[in-house]
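Reader: I am new to this structure and would like to learn how to read it. Could we go through a few features one by one?

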Amino acid sequence: MLKSLAALLTKAHTYDLNWQNVFSYAAIVLGRKCAGLSGILRLRLKAFLFGVEVGPRVECFGPIILGRWPGSKIVIRAGAGLISTARRATASTIYAPLRLRTYGREAEIIIGEGAQLSGTSIAARSTRVTVGKNTMIGPNCVIVDSDFHAHWPPQTRHLEPGLEYDAPVSIGDNVWIGMGSTILKGVSIGDGAVVGAGSLVTRSIPPYAMAVGVPARVIRSMQKEKFVLLDRDGTIMVDGHYLSKPEDVALMPGAAEGLKLLAEAGYRLIVVTNQSGIGRGLYTEASMHAVNERLKELLREHGVEISAIYFCPHSPEDKCSCRKPESGMLERASKDFAFDPAQSLVIGDKACDVDLGLSSGAKSILVLTGYGQKQDESVKSRASFVAGDLKAAAEWILMQSQD
């Protein structure tokens, strides 16, 4: 503090400042030092008493509300900054103190190294909320892993807690979240993403994307990503003819290997699938989602992550705009992930997959798995390439990308 005062006097002499400017600047410097000292002392005392892990070089301004359920975990890593008073706010004020609360033994809140939070409320009930390194969260943001938003405790929460609906929240490194935003359960925000002020984030945001709105939608990608859109039945998994049971899901030969090659090369993988069995009343939408989850589980075992699955529930008689070869699903994916459909690739085992790519200006690849062998020569001639399976398709794509 004495060094700061000496530096202030030196500046005053150098720039010939009057006493009012000196007093004003001194109030700013000394106020910050005093607020930081009292804030970190209170934080470390609370952390010691409540069993919260606080790393070195953490800064804290104002009172922090900590609430750790026995057995749960709250970690604030090295260099994090916590602002909980309007005195330290800049472009906005802070409505309430910063709050980190866990409500169950399995809950975790992890604040990454160098992350900056201002008046943020984070509540984890039964899963995990993570904030990545050097991420900045603007004033008055709310992050929750569950559906409870009413004043605690609602009358029926002890009878119907609904823990099975909770879902973790993951915010990557170097993310910027604007003031007044709300991040709901199950959301993943990729590294380097930007969320506009006042947004309601209900679905995941890819890395280096800009999203804004209620609900938040991706409006721009800040890096050039590569996208492959894939049919599901007969291309990635065995076509079980209106398959509706997760236990019946099986991967096509070469599917996992091919998708892993694409993922390792930086391609984002999106599934677009016609599911007329829903419209025909043969199975429910819930059954289809269960099948999709099982498919994603099997692919994760091979290190493959599917970015999104889009489906059309209509029968051919409905004449909708989303059933392939109509472009509705591809257009929705391109808006959600901010890419040019003409720069993507489409892979499938039927004429509708090939024609979807052609109508969007994308390259189409016909795989000879599933119904691929039954396609006539006109379909094969329309495709940019005909591959024996997904692995062969992936090898062709990587070879083309090197040319």
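Reader: Which residue just after helix 6 takes a positive phi?

Author: Keep in mind that the model is a predicted one. The residue is alanine 338, and its phi is about 55°.

Reader: Which residues of helix 6 are buried?

Author: Helix 6 runs over residues 328-337, and its buried residues are Met329, Leu330, Ala333, Ser334, Asp336 and Phe337. Looking down the helix axis, one finds these buried residues within an arc of 165°, so they line one face of helix 6.

Reader: What covers the buried residues of helix 6?

Author: The cover includes strands 20 (217-221), 21 (226-230), 22 (267-274), 23 (308-312) and 24 (345-348). Helix 7 (351-360) is also part of the cover.

Reader: How do I read salt bridges, and how many does the count come to?

Author: The general idea is that side chains of opposite charge can pair when their charged atoms come close. Here the count comes to 13 salt bridges. One of the pairs is arginine 203 with aspartate 336, where the closest N and O atoms are 3.3 Å apart. This pair links distant parts of the chain, 133 residues apart: arginine 203 sits in the loop between strand 18 (200-201) and strand 19 (209-212), and aspartate 336 belongs to helix 6.

Reader: Is aspartate 336 buried or exposed?

Author: Aspartate 336 counts as buried because its relative accessibility is 8%, and the cut-off for buried is under 20%. Its partner arginine 203, at 35%, counts as partly exposed.

Reader: Which parts does the salt bridge between arginine 382 and aspartate 355 tie together?

Author: The side chains of arginine 382 and aspartate 355 meet at 2.9 Å, N to O. Arginine 382 is in helix 8 (residues 377-382) and aspartate 355 is in helix 7, so the salt bridge ties together parts 27 residues apart in sequence. Arginine 382 is partly exposed, with a relative accessible area of 31%, and aspartate 355 is partly exposed at 24%.

Reader: Where do glutamate 377 and lysine 380 lie?

Author: Both lie in helix 8, 3 residues apart, which is about one turn of the helix. Their side chains form a salt bridge of 3.8 Å, N to O. Glutamate 377 counts as exposed at 56% relative accessibility, whereas lysine 380 counts as partly exposed at 21%.

Reader: Which residues are joined into one network by salt bridges that share partners?

Author: The network consists of Arg203, Arg217, Arg332 and Asp336.

Key: Residues are numbered from 1 along each chain as its sequence is written. This is a predicted model: local features need pLDDT of at least 70, side-chain atom pairs count only at pLDDT 80 or more; totals for chains, interfaces and linings use all residues. Side-chain values use heavy atoms; hydrogens and water are left out. Buried means under 20% relative accessible area, exposed over 50%, partly exposed in between (1.4 Å probe, protein chains only). Helices (H or I, at least four residues) and strands (E, at least two) are DSSP runs, numbered from the N terminus. The arc is that of the directions from the helix axis to the C-beta atoms. Contact means heavy atoms within 4.5 Å. A salt bridge is a side-chain nitrogen of Lys or Arg within 4 Å of a carboxyl oxygen of Asp or Glu.
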